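Me: Please take a close look at one helix in this model. Walk me through it, and then through the core around it.

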Amino acid sequence: MKIVIFGATGRTGSEIVRRALTDGNEVTAVVRSPEKCKSQEKLTIIAGDVRDQDAVKKALSGADAVVSALGTDKTTTLTEAMPAIIEGMKEHGIERIVTIGTAGILNSRTEPSKLRYQSNESHRKLTFAAEEHHKVFTMLQDSGLDWTIVCPTYLPDGEAVGNYRTEREYLPIDGAKISTGDTAAFAYDELSKQDYKGYRVGISY
């Protein structure tokens, strides 16, 4: 596959890049700071702003699938980039996208009419990141693309160990954390498996 990865220098994104290259895929990484990416065989590094529609469309040319591991970092980069990504995918006839979201946008078990970040399940006082991911969820729902949003809970750095749980639309019961390694492993596998196409999926130990 030829995979375009946005957020390729982040904690989860860089691990997805590593897995994709190990499997022999061609990877294009769109990054603000190309010096953070070491050059490797089958890796194309494009220096560009993910909010720049022209740069995004150029990067997507010839791709089979897209991964977005873009974070929020107290900015609106994520919600500014996603319309360009969706439009570029449609223009190039790419249907499959997996994004890394947050457990805050999964359904609440305690207040069924709300998402977790809106309910008493969430202990976070600040909801900016969840609100940004919620907007992306809405964009993808309306896009007509084959999307999956991987929604990790507390996300410490760590290797993939494989003994995680996943659940459609909800965080697995008593799920408290998941490593960056296992989140990346699941997201990368889901890109081709498509078991959760059209769903948010909660992931935790």
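Reply:

**A close look at helix α2**

Helix α2 covers residues 53-60, and its buried residues are Ala55, Val56, Lys57, Ala59 and Leu60. Keep in mind that this is a predicted model.

Look at the spacing in that list. An α-helix has 3.6 residues a turn, so residues three or four places apart point the same way.

What do the buried residues of α2 pack against? Four strands are partners: β1 (2-6), β2 (26-31), β3 (43-47) and β4 (65-68). Helix α3 (77-92) is a partner too.

Now the two ends. At the start of α2, Asp52 has a side-chain oxygen within 3.0 Å of the backbone nitrogen of Asp54. Just after the helix comes Gly62, with a positive phi of about 85 degrees.

Next, the core. In soluble globular proteins, nonpolar side chains tend to be buried together. Here the largest nonpolar core holds 33 residues. Leu60 is one of those that touch the most other members, along with Phe6, Val66, Ile85, Met89, Ile97 and Leu140. Elements giving two or more residues to this core are β1, α2, α3, α4 (128-141) and β6 (146-152). The biggest share comes from α3, with 7 residues.

Ile85 ties back to our helix. Setting aside residues up to four places away in sequence, Ile85 touches Val56 and Leu60. Its other contacts are Phe6, Val66, Leu70 and Ile97.

A separate core lies apart from this one. That core has 28 residues, including Ala20, Leu155, Phe186 and Tyr188.

Methods
Residues are numbered from 1 along each chain as its sequence is written. This is a predicted model: local features need pLDDT of at least 70, side-chain atom pairs count only at pLDDT 80 or more; totals for chains, interfaces and linings use all residues. Side-chain values use heavy atoms; hydrogens and water are left out. Buried means under 20% relative accessible area, exposed over 50%, partly exposed in between (1.4 Å probe, protein chains only). Contact means heavy atoms within 4.5 Å. A polar contact is a pair of N or O atoms within 3.5 Å; within protein, one must be able to donate a hydrogen and the other to accept it, and residues adjacent in sequence count only if both atoms are side-chain atoms. A nonpolar core is a set of buried Ala, Val, Leu, Ile, Met, Phe, Trp, Tyr and Cys residues joined through side-chain atoms within 4.5 Å.
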